[in-house]
Amino acid sequence: MLDYTTKEIKERSALVVNPAKTCQPIGAMYAALGINKCLPHSHGSQGCCSYHRMHLTRHYRDPIAASTSSFTEGACVFGGKSNLSKGLQTVFSVYNPDIVAVNTTCLSETIGDDLTEIIKSTDLPEDKVVIYANTPSYTGSHVTGFSNMTKAMVSSLAEKVLETPTTTVNVIPGYVEPSDMTEIKKMLKLLDMPSIMFPDTSGVVNAPNKGKYEMYPEGGVTIDELKATGDSVATVALGSFASEAAAFELEKKFDVEPYVLKTPIGIKATDEFLMTLLSLTGDVFIPEELEVERGQLLDVMIDVHHHYHGKKVAIFGDPDIIIALTEFVIDLGMIPKYVITGTPGKRFEREINEMFKAHGLEDECIVKAEEDLMTLHQLIKNEPVDILIGNTYGKYIARAEDIPLVRVGFPILDRVGHSYFPTVGYKGALRLIEKISTAILDKYDRICPEEDFELTM
Amino acid sequence: MSKDPIILEDRKSFVLLNEKKQNNTIDCEKDSVSGAVSQRACVYCGARVVLNPVTDAVHLIHGPIGCSSYTWDIRGSLSSDEENYRNSYSTDLQEENIIFGGEKKLEAAIDEIVETLSPKVIFVYATCVVGVIGDDLVGVSKKKSKEHNIKVITVQSSGFAGNKKDGYKAACHALLSLMGEKKKSDEKDFVINYLGDFNLAGEAWIIKKYLKEIGVKTNVVMTGDSTCDQIENAGNSQYNIVQCAGSMTYLAKQMQMKYNIPFEQVSFFGVTDTANSIEKIALLSGDEAIMEKAKALIAREVDKTNAILDQFMKRLRGKKVAIYVGGGFKAISLIKQFRDIGIESVIVGTQTGKKEEYKKIRDLTDEGTIILDDTNPSELEYFIKQTGADILVGGVKERPLAYKLGLAFIDHNHERKHPLCGFVGAVNFIKEVDLTVNSPVWTFINEQGGEGYEQKELYQLERQSL
Ligand code: SF4
Ligand code: SF4
């Protein structure tokens, strides 16, 4: 399929081939699913909503419900006001959510619907909540959409009731798997830290099978918790692209102190996350259980460091994830040859370049934001790598060039496990090493000469 | 707020209980109710799925990134040669393009494609937003066609301008504009076009093989595993046979007007339909030799296939199926196919079925069957429980719904991995049904949940879960 990819790289300014990103509303929808009893609503044509639900369904393999304003030509001419009003009333009377989180689409943004006004003028049941985020797809990416909806959660719901803040910490996990959110909650619990995590899709998009269909599974942050975020002592935002907007909003409105950290992927980023939390509680000691986990991780890193050390890796996907991943692979002694994201953002390149410089890698490694997978493939054709880390779309390149692919990120459409096992924390780092090392050795076993084919490695 | 209406007031006329004595009808072919969690897609989606399998064309999506990235390699259409269609090309419109117009970017993107690929044909798909900002796609296409001496064809598929079936039409127009003049031919063989097969899992190849065996030549399959050259030549066939009626009847009618090619409806799903269709095509040829060969093929394959089906049917007796698919024609052929293997359809729904198709569905199914147009997960859940269906047939979004309800599932959409058409497909189909219905996995739900299957209890449960 990728026979058309040429080795010669020509600058392209208008054409994107095989994108490494997708559009804002899907990120907003995913974030909205992280609120308890929330029905996401897409304000635009039903096609977009159908695609977003389809994509999320494929990735999470769980029913993803979302309603749509079902725009037709009339709505494009006269505006989508009646569609949204009617849609919201329908949703509350039939599907009975506690909250509806509306995202816009390219279309409703372009015709310029005023959502504040529409929602205000719609007759809604008293105890119900509607929030919305502007998510035009012609800026940013799905990560921006996630960020915008997460920000909307606090800008429309957070309150400050108490004079002095509580000891609770807000934690924004970023655009990660439900399993990652569970792992983050586990760490918070081990630290005995009162916290509010939002959004929280664990238990929503990886809900247990009970033999019945639940439109609103048990998981998700509650509306009351979201309200209380204004009274918290601090906000820890994991991954600047997906999470800092909401954290800064809380600072601006209620003076809740923001700490923007890396997504805790890898040993260093996890250490940093835990140390930041400790500094907030004033504690000095890491709980025993986490000590053990870290020690085990370290032990395995040492056991198999000869497998991955010096190996060249190409990483692609969403900025927050791959910033942390790049740091981790450098710590493993690997060479992050190409680091590519489709999401725009100069800051991304700057941050990765700093890492390259700090490790003397700036001459051999390349980072690009707002790039597509065709460019990544061309780069690999010019100088191959040993392993590829990224989402499902990497499988085309992996096959064309016979490079093992470790699936991390969004979307993963062709494997299971990602929504149940974490990549964050020490446990997640351990799992990543297992996957990387196994992928490299599997390939070696497959292609090595007979005399090198051995029982132990 | 009342939780009472499982079926929205506005949707009541879209739901029908099959009562033979009463001549009641269902509403269809209307816009979805806003807020109803419709499973329907858009015009663009319809155009994309029909045109995508044209293997050597570049499919360029003019719009913001999402529309193209969700449809990247959207269906498992196989190709015998070129695979360019499996890539995702987009103009990735940005804010400034929305404000100042996207035509310049589109032009540049076409130039950049030509620079690296030199394709014969570029299809340029319009998405919602370009429909609203008013880019002149036809103008750009004309200009670029001339400049590069290739065919740049606009697909008028702005998402909001209707629904999926309007996209089928847009695709048909694009195909028509690719077709050339009819040549004077001295072709003696019976040559047909096969419309409405997308070569999912190689299905078009199976049908072509049958046709070849009985002496019928296939000019082009539209659009599965097709090339631009083949499509250009489509006007030179003697007959069009149409399988996917929803997407291709329109094209067949247009070709009848333009090239005077008659068409006939066929279906290759299930033993009965496959046999009938092969026979029908043989008759159309008016050629004794072809008819003889068709008879022989049918006799041989039907016996062989039925012998295999019989073994499985024992394991499936008494099971009930719920069908929710895109088009009415597919639903009809599924009802028949399930009947072939001894399974009755208790729910039949479609996203875009037409009046005549619903009438046919009503005639085909038993009294008490629930018929649904443009339904949603809640209704599906309700009726699945009410009817005690054991299997759901549907697309991507229905799969996890079925699984959560503890129901077997059959994908009869883009994503099927095994061919389901022809005699081979009939065997694959029953194997798949058997595999999913008789999987040991369901016993765990029964044991643990215990609440899943008692009909009476279900009536109470369904309301709580809404
Ligand atoms: S923007 Fe329009 S064309 Fe694109 S997916 Fe949405 S409805 Fe379809
Ligand atoms: S890019 Fe825009 S039009 Fe396309 S699917 Fe996303 S929101 Fe819809």
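**The interface of chains A and B and the site of ligand 2**

In this predicted model, 80 residues of chain B are in contact with 69 residues of chain A. Together the two chains bury about 6700 Å², and carbon and sulfur atoms account for 61% of this area. Of the area that chain B buries against chain A, 14% is supplied by Tyr70(B), Trp72(B) and Lys404(B), more than by any other three residues.

Polar interactions also cross the interface. The rule finds 23 residue pairs in polar contact between chain B and chain A, with both residues of each pair at pLDDT 80 or more. Several elements of chain B each supply at least two residues of the side that touches chain A. Among them are helix H1 (43-51), strand E3 (89-90), helix H3 (95-100) and helix H4 (103-117), as well as helix H15 (377-387) and helix H16 (398-404). H4(B) gives the most to this side of chain B, with eight residues. By class, the residues of chain B on the side that touches chain A comprise 39 nonpolar, 23 polar and 18 charged.

Two salt bridges are found across the interface of chain B and chain A. In a salt bridge between Lys21(A) and Asp92(B), the side chains meet at 2.9 Å, N to O.

The chains are also joined through strands. Strand E1 (residues 16-17) of chain A and E3(B) run antiparallel and are joined by two bridges. Val16(A) has Ser90(B) as its bridge partner in E3(B).

Ligand 2 is surrounded by residues from chains A and B, so the site is shared between chains. Chain A contributes Cys23(A), Pro25(A), Cys48(A), His52(A), Thr105(A), Cys106(A) and Ser137(A) to the residues around ligand 2. From chain B come Pro64(B), Gly66(B), Cys67(B) and Tyr70(B). Two elements give two or more residues to this shell, namely helix H2 (46-60) of chain A and helix H2 (65-70) of chain B. H2(B) gives the most to the shell, with three residues. The shell around ligand 2 has seven nonpolar and four polar residues, and no charged residues.

Tyr70(B) appears in both parts of this description. This residue is one of those around ligand 2, and Tyr70(B) is also one of the three residues that together supply 14% of the area chain B buries against chain A. Helix H2 of chain B likewise gives residues to the shell around ligand 2 and to the side of chain B that touches chain A.

Note on methods: Residues numbered from 1 in each chain as written. Chains lettered and ligands numbered in written order. Predicted model: local features only at pLDDT ≥ 70, side-chain atom pairs only at ≥ 80, totals over all residues. Heavy atoms only, no water. Near = heavy atom within 4 Å. Helix = DSSP H or I, 4+ residues; strand = E, 2+ residues; numbered from the N terminus. Nonpolar A, V, L, I, M, F, W, Y, C, P; charged D, E, K, R; others polar. Contact = heavy atoms within 4.5 Å. Buried area = accessible area lost by both parts, 1.4 Å probe. Salt bridge = Lys/Arg side-chain N within 4 Å of Asp/Glu carboxyl O. Polar contact = N/O pair within 3.5 Å; in protein donor to acceptor, adjacent residues only side chain to side chain. Pairing = 2+ DSSP bridges.
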